[in-house]
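Work through the exercises below with the sequence and the structure at hand, and try each task before reading its solution.

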Amino acid sequence: MTAMPTGVPAEIPLRPGRAWTMVERNLMIYRHTWPVLLAEIFEPMLYLLAFGVGVGLLVGRVPGLDASISYPQFVAPALLATAAMNGAMNETTFNMYGKLTTDKTYESILTTPMSVRSVALGEVLWALVRGAIVATVFLVVVSIFGLADLPEALLVIPSALLIGFAFAAVGLLTVTFLRSWQDFQLIQLVMLPMFLFATTFFPLEVYPRPVQVFVEVLPLYHSIELVRAAFLGTGGGYPAVAVIYLVVLGIVALAVAVRRLEGTLRP
Amino acid sequence: MTDSSTVLIDARGLTKVYGKPGDKAGFTAVDGIDFQVRRGEAFGVLGANGAGKSSTMRMIACVSPATAGSLRILGYDSGADGAKIRARLGVVPQDDTIDTELTVRENLLIYGRYFGLSWKVLRERSTRLLEFTRLSEKAEDAVATLSGGMRRRLTIARALINEPEIVLLDEPTTGLDPQARHLLWERLFQLKQEGVTLLLTTHYMDEAEQLCDRLVVMDAGKIVAEGAPAELIARYTLREVLELRFAPGERQIMTDKCRGLAERMEELPDRLLLSTDNGEETLSAVHRQGVQPLTALVRRSSLEDVFLTLTGRSLLD
């Protein structure tokens, strides 16, 4: 043990903590628990098998879409967008709530030079890293099965990252409002209908106009449109709307969340 | 700066009010306290639960902003330069907040990363600190397998990863068995020998007497006494205490007979305490009055007597 020599004005050899160290912490943990990530990758594939292939046999072709697009091709990008959303939301709601309440992980991190903002950005960054892994593996697998053309469909990856960012930020904001573990039921109450309605399994055209308006407001709808456009190489000018929607949603949610966390973590 | 009287922590009128500013219902946890901690000192903050010790520690750790007053640490203002101060502090919180998802060594590594230290430095330092806290054999184990004493030592190792100049310890030995406490005291004493300034809260008076050069006693958010342990004992108590126990039926009569035999007398539900300069003489006087206690014990006055004199004996919760 050598301690700081008494009386010598200590220079500061220490840089302020940066957001990236939160990613390092998570990578360290995932060295022990990597099967969790595996489950996250397989979930959308199971959905694709069940709905894309199973229901696809009944459906034939999708109304309102090019006849050359099969049902599995229609569903796959939606499942990828949903996986990107769920991965990010789980990270900043479920996992983060545990660290905020039971484990008090952040309490000890915040006694170091790390700021609340670095911690929050770091957790969002980690959600992005996870999202990138899940999206890449999913894309590789579906292109092996001939559902996507690879060089063109690569735009799916940045799309998945943007979705991850927006929903990680929304999750971060949500977690600041949670009062107990029971509140996760309320999140489920929003997430599940959104998953079912946001053109995951049916195109927007099948709904009556009032329902269409409701669906068009959902963030998952824009996420799916974005990935689907990249996946199928369609979409024209529309993805710009989705990109703006998700960027604005993410930035606003993140800004408000950091403010609220500051109050919770530094009382 | 080389002067050992350099003040590292300077609190003036330090106040912490929980609740919204201006809110009348706000709770004042720390009520305008002044104190200074000098380099190399072991400084204790004593107080019952709810006296304001932990709130004071949290403000010094720069994790909770002061409501009013000034707090300068290592020459910086705690409000404006929190991150710079935290870079040079080690914090041992009241509850062990070690990362249960990581191994023992990983806990030290990642914690060092929060300070921006390089992996190379951290690998070397973590090995050294695990040795220092006698955790080398547990290095690659999951945190869940550690005993309470080991968890505490890991928390201390973690607090030393940035080689801090000041280490803050909030009730460091609460809940530990005697062996674990003594090992911890020994390590803390060694740190102090190496010139690290220690600031600790405790409600164990023996711990304060063992470790602290100087201490303050807090009660209801205010400092009610300040000084070296021996000084406080001399100032607030007489040299010795005579403790008497009586048979249940005789207590009141015997107590009345003892009145006037000592300068200060205190009645507890189970015993009678007589403060005196000479316990044996007082005991003889007690016997001469015809008082027949079941047991009689003469002991040196301790910091616990000071503490109870200053903060009262009734339960505060």
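**Annotated spans in chain A**

The UniProt record, an unreviewed entry, places the feature "transmembrane region" at residues 34-59, 71-89, 124-147, 153-174, 186-204 and 238-258 of chain A. The model examined here is a predicted one.

**Exercise 1.** Determine how much of residues 71-89 and of residues 153-174 of chain A is helix.

Solution. Begin with residues 71-89 of chain A, where the chain is 100% helix and 0% strand, with end C-alpha atoms 27 Å apart. Then turn to residues 153-174 of chain A, which are 91% helix and 0% strand, and whose end C-alpha atoms lie 32 Å apart.

**Exercise 2.** Find which helix gives the most residues to the largest nonpolar core, and trace the contacts of L80(A).

Solution. The largest nonpolar core has 141 residues, and L80(A), A84(A) and L168(B) are among those that touch the most other members. Helix α3 (residues 71-100) of chain A gives the most to this core, namely 15 residues. Setting aside neighbours within four places in sequence, L80(A) is in contact with P44(A), A135(A), F138(A), V156(A), A160(A) and V227(A). A second, separate core of 12 residues includes F246(B) and V291(B).

**Exercise 3.** Establish how strand β9 (residues 214-219) of chain B pairs with β3(B) and with β10(B).

Solution. On one side of the question, β3(B) (residues 42-47) and β9(B) are parallel, over five bridges, and F43(B) stands opposite R214(B). Next, β9(B) and β10(B) (residues 222-227) run antiparallel and are joined by five bridges, with M218(B) opposite I223(B). Finally, β9(B) and β10(B) form a hairpin with two residues between them, and A220(B) in the turn has a positive phi of about 50°.

Terms used. Residues numbered from 1 in each chain as written. Chains lettered and ligands numbered in written order. Predicted model: local features only at pLDDT ≥ 70, side-chain atom pairs only at ≥ 80, totals over all residues. Pairing = 2+ DSSP bridges. Helix = DSSP H or I, 4+ residues; strand = E, 2+ residues; numbered from the N terminus. UniProt positions renumbered as here; feature names shortened; annotations may be inferred. Core = buried A, V, L, I, M, F, W, Y, C linked by C-beta atoms within 7 Å. Buried ≥ 20, exposed ≤ 12 C-beta atoms within 10 Å, placed from the backbone. Contact = placed C-beta atoms within 7 Å.
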